Every structure is written in C-alpha cells, then in structure tokens.
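Look at the chain shown below and follow how its strands sit side by side. Then turn to a few places where the backbone or a side chain does something worth noting.

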Amino acid sequence: MQPRNMSMSGVVDLAAVKQAQEAKAKAEQARAEAARNGGTGAVSPADLVIDVDEARFESDVLQRSTEVPVVIDFWAEWCEPCKQLSPVLERLAVEYNGRFLLAKIDVDANQMLMQQFGVQGIPAVFAVVAGQALPLFQGAAGEAQIRQTLDQLVQVAEQRFGLTGLAVDPEAEPGAAPAAAPERPAGPHDAALEAAVRALDAGDLGGAVQAYKNVLAEDPGNTEAKLGLAQAELLQRVQNADPQQVRQDAADKPGDAQAQIAAADLDLVGGHVEDAFGRLIDTVRVTAGDDRDAVRLRLLELFEVVGAEDPRVAAARRALARALF
C-alpha cells in the first residue's frame, strides 16, 4: 500500500479558528494547573511511547493532547508493513525529545477506535492536537516523509495551539512521577491576549478585535495578536452574512470587487483556502484602481489569517505578483 500524504495545514483552516483559540488558552491553563500540582515535569524517554486501549483513550490521548501533540500508530501483529513503520515512529518519538507523544493502538483489540477514526487499512497514522484529530499518512512511509510530516505537526501545534511538548529527563525512571515544572513567567500582554480569547469564547467578536488591537498598539510585532486580529475580523465580517446571497452576488458579478471579497471571506471560513485565494487573484486580474487595491489588501489580510508558513500562502503570493505585474 502506498502512503497517502495528508497536509498538516488543514488544521489551521478557519472552520476551526475559534476552537484553536480556545485550545491554545486551555493548553496554557493545563500547563499552569499541572505545574501547581507537580505535573508536566520531566518524563523518561521510555514514557514517550505508550500503548493505548479504548478504556484509556480519553485520558492518554485526548487529555494529553492539550499538553503535547499525540501521534497515533494504528497497527496489528499480523501487519508486516506495521513491523517496518512502528520501530521508526518509536525511535523518532525518542529523538524528537518530547515534542510529540506516540500512542500505539492495536486495531484487533480496539475495533471501536479504528472505526471512529475511519481507518480503512493499516498501518495508519493520525494525530490529535488539542483534542482535534487529523490524518497524517497511511502505509509504510519512508523516514524522510515521516520526518517532514512530524516537523509540520510540531510546528503547527506550537504556533497555533501553544503546545510546546514535554520535558524529558534522560535519567528519569520509566513511570516515575514527574518533577514539578516551573510556571511560565507571565508576558507583558498575556492578560490582554487572554481577554481576547475569552471574548471569542463568549461570541463577542468586537471585544476580541479591540483586545488584539490593544496589544498591537503597544507591540506592533506581536505575532499572536496579529493572527488573532486577522481571524477575529474575518469572523466578524461573516457573522451576519447571508451565504446564499453572497454566493449568488459573486456568481452574478464576476468583476465586482466587493462581491468577490465577500465570497472569499466565506470560502476561507469554510476551510476552502485555495478557493478564497484563487477568487481574489482572479479578481485582481480583471479590476483596476481602487477596486483592485481593495482586493489586493483583502488578500493580504487573508494571508495573515492562514499564516505565512502555509505553502498555499507562498503559492498565492507568487500568483498575486504575476497578476499585478
């Protein structure tokens, strides 16, 4: 069976923007609470690979995924490709030194979990990040491909969800109680950023927008505030939109800048990133003057929402440059 690549960038699509903000806040709260209780300290390398069954799935995978990305290896004793893949994943779990946790699930003993994840064949590798499941690849992938996928996973987990992984003590005994971890010092803008997340949680998009603007007024380069503001403003714009009418207007007026801008916002909120970018780039090609500039600026705002590290943003930037020049 050939491996099927799965893009990590889907985890940042706007269909889950609010959940991502909430998950990031919960991750910070979980770390602080565990530190007070003597948890999330150093673990032994052996504890980075765990066997998980249905009874322990919630505690060992879902709950742990608020602290560290959990990679799930669906395997079976009779599966020959699994015998090639599993040792590589186990070795990389130790090598990545706590940046992800490997959970091994025997499909023969855990049929319900196999069905819940929609596993069609094994080996199959998934990840759970801040409670959200996503497929990584299927089949006995090569180590270079696995490393690339894991690098993307840990990057997204840290940048979007605030999951920095586990501290690893190479001298710790497996299963030993972890030492207490020091609490992260509060940053100068943490209170304002937390206020923005609380506003999002309450559905107060205007309050979230203002809270992020307050941070940027004092710290214009704050990456978290820039991303949060772009996301909150997008959600605010589509909050009261009539999707059917917006789509109809865009279909009826292919050269109308504002109609295409409104439709692109809906595209992005629905997770259709490439459709949103392509729509606006096509509109840049057929507009001029203020209309063209408005479309270009909205496209740049949507780049902020998705994130500069996303390969779709890089591709769209190149297409925009060709359309402009």
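A124 stands opposite Q138 in β5. In this predicted model, β4 and β5 pair in the antiparallel sense, and the pairing runs over six bridges. β4 covers residues 124–129, while β5 covers 132–138.

These two strands belong to an open sheet of five strands, whose order is β1-β3-β2-β4-β5 and whose pairing is mixed. Which strands stand at the edges? They are β1 (49–51) and β5, and because each has a single partner strand, one side of each is left without a neighbour in the sheet. On average, neighbouring strands of the sheet are turned by 25° against each other, with direction ignored.

A helix accompanies part of the sheet. Helix α5, residues 143–161, lies across β2 (70–75), β4 and β5. Relative to β5, helix α5 runs at about 165°.

The loops hold some backbone features. Most residues other than glycine have a negative phi, and most peptide bonds are trans. Two residues with a positive phi are set out here.

| Residue | Phi | Loop | Relative accessibility |
|---|---|---|---|
| N97 | near 55° | between α3 (80–95) and β3 (101–106) | 45% |
| A130 | about 50° | between β4 and β5 (132–138) | 15% |

Neither N97 nor A130 is a glycine. Is N97 buried, partly exposed or exposed? Its relative accessibility is 45%, so N97 counts as partly exposed. A130 has 15% relative accessibility and therefore counts as buried, since buried means under 20%. A130 also brings the account back to the strands at the start, as its loop lies between β4 and β5.

Another loop, between α4 (111–116) and β4, contains P123. The peptide bond from I122 to P123 is cis, with omega near 0°.

What remains is a link between side chains. How many disulfides does the structure hold? It holds one, which joins C79 to C82 with an S to S distance of 2.4 Å. A disulfide is a covalent bond between the sulfur atoms of two cysteines. The link of C79 and C82 is right-handed, with 80° about the S-S bond. Are C79 and C82 buried or exposed? Both are buried.

Methods: Residues are numbered from 1 along each chain as its sequence is written. This is a predicted model: local features need pLDDT of at least 70, side-chain atom pairs count only at pLDDT 80 or more; totals for chains, interfaces and linings use all residues. Side-chain values use heavy atoms; hydrogens and water are left out. A disulfide is a pair of cysteine sulfur atoms within 2.5 Å. Buried means under 20% relative accessible area, exposed over 50%, partly exposed in between (1.4 Å probe, protein chains only). Helices (H or I, at least four residues) and strands (E, at least two) are DSSP runs, numbered from the N terminus. Two strands pair if DSSP finds at least two bridges between them. Axes are lines fitted to C-alpha atoms, for helices over the stretch in contact, and angles run from 0 to 180 degrees between N-to-C directions. Contact means heavy atoms within 4.5 Å.
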